[in-house]
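Visitor: I am new to this structure and would like a close look at a single part. Please take one site and describe it with its surroundings.

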Amino acid sequence: MAIRNIRYEGDEILKKKSREVEEIDEKIQILIDDMIETVHKYNGVGLAAVQVGILKRVIVIDLYDDKGPIVLINPKILKTKGEQEVDEGCLSFPNQFAKVIRPAEVVVEYLDREGKKVKVKAKELLAQAICHEVDHLNGEVFIDKIIPGTLEYLES
Ligand code: NI
């Protein structure tokens with residue numbers, strides 16, 4: 001396992017759309033392990049492969065609860081319900097936080113790292129994290145959808 005370099009604000013790759021994973025091969029497994037190590041190293045909640053320079057539809061999320069890291073490959077948000085106003089940050093935008101409106105609930109379908117199709121209903125922080133990371137796969141970053149006037153810069 002290895003820590004991968006994070007791509008930061010201003011890097012054009014963050015605006016690119018990631019491609020579907022066609023085969024969950026050894027390379028993808030190594031990428032997943034490295035992404036988990038990287039998100040833990042920076043105490044992040046989620047990381048999309050594009051944030052380490054790989055344009056593949058792979059996400060890792062860890063809410064640091066008893067579920068452990070969740071790996072979502074080729075995720076599709078099938079349904080959203082309601083909304084929540086939440087504080088949000090991103091490992092690619094260090095020390096920047098702002099309020100964002102996210103769905104309160106989402107139904108998402110994805111492949112796990114064994115290639116098994118999984119469908120889950122997520123709410124609260126997990127719903128927020130899934131939406132944030134799926135945005136990354138579509139070349140969208142949270143800073144472009146914040147509630148105006150809520151951006152704060154925190155010293156590290
Ligand atoms: Ni992010």
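Guide: What follows is about the metal site and the pocket around it. The model is predicted, so local features need pLDDT of at least 70 and side-chain atom pairs pLDDT 80 or more, while totals for chains, interfaces and linings use all residues. Residues are numbered from 1 along each chain as its sequence is written, and side-chain values use heavy atoms, without hydrogens and water.

A nickel ion has three protein donors (N, O or S atoms within 2.8 Å of the metal, or 3.2 Å for Na, K and Ca; water is not among the atoms, so sites may look incomplete). They are SG of C90, NE2 of H132 and NE2 of H136, at 2.1 to 2.2 Å from the ion. Along the chain, their spacing reads C-x41-H-x3-H. C90 and H136 join distant parts of the chain, 46 residues apart. C90 sits in the loop between strand 4 (84-88) and strand 5 (96-102), whereas H136 belongs to helix 2 (residues 124-137); helices (H or I, at least four residues) and strands (E, at least two) are DSSP runs numbered from the N terminus. Both C90 and H136 are buried (under 20% relative accessible area, 1.4 Å probe, protein chains only).

C90 also appears in the largest pocket, being among the lining residues closest to its centre, along with G44, V45, G89 and L91. Here a pocket is an open set of points on a 1 Å grid over the protein atoms alone, with protein on both sides within 12 Å along at least five of seven lines, and lining residues have an atom within 4 Å of a point. The largest pocket has a volume (the space filled by probe spheres set on the points) of about 450 Å³, and 24 residues line it. Strand 4, strand 5 and helix 2 each supply at least two of them. Helix 2, which holds H136, gives the most to this lining, with 6 residues.

Key
Buried < 20%, exposed > 50% of the residue type's maximum accessible area, 1.4 Å probe, protein only. 1 Å grid on protein atoms, 1.4 Å probe; cavity = no way out; pocket = protein on both sides within 12 Å on 5 of 7 lines; lining within 4 Å.
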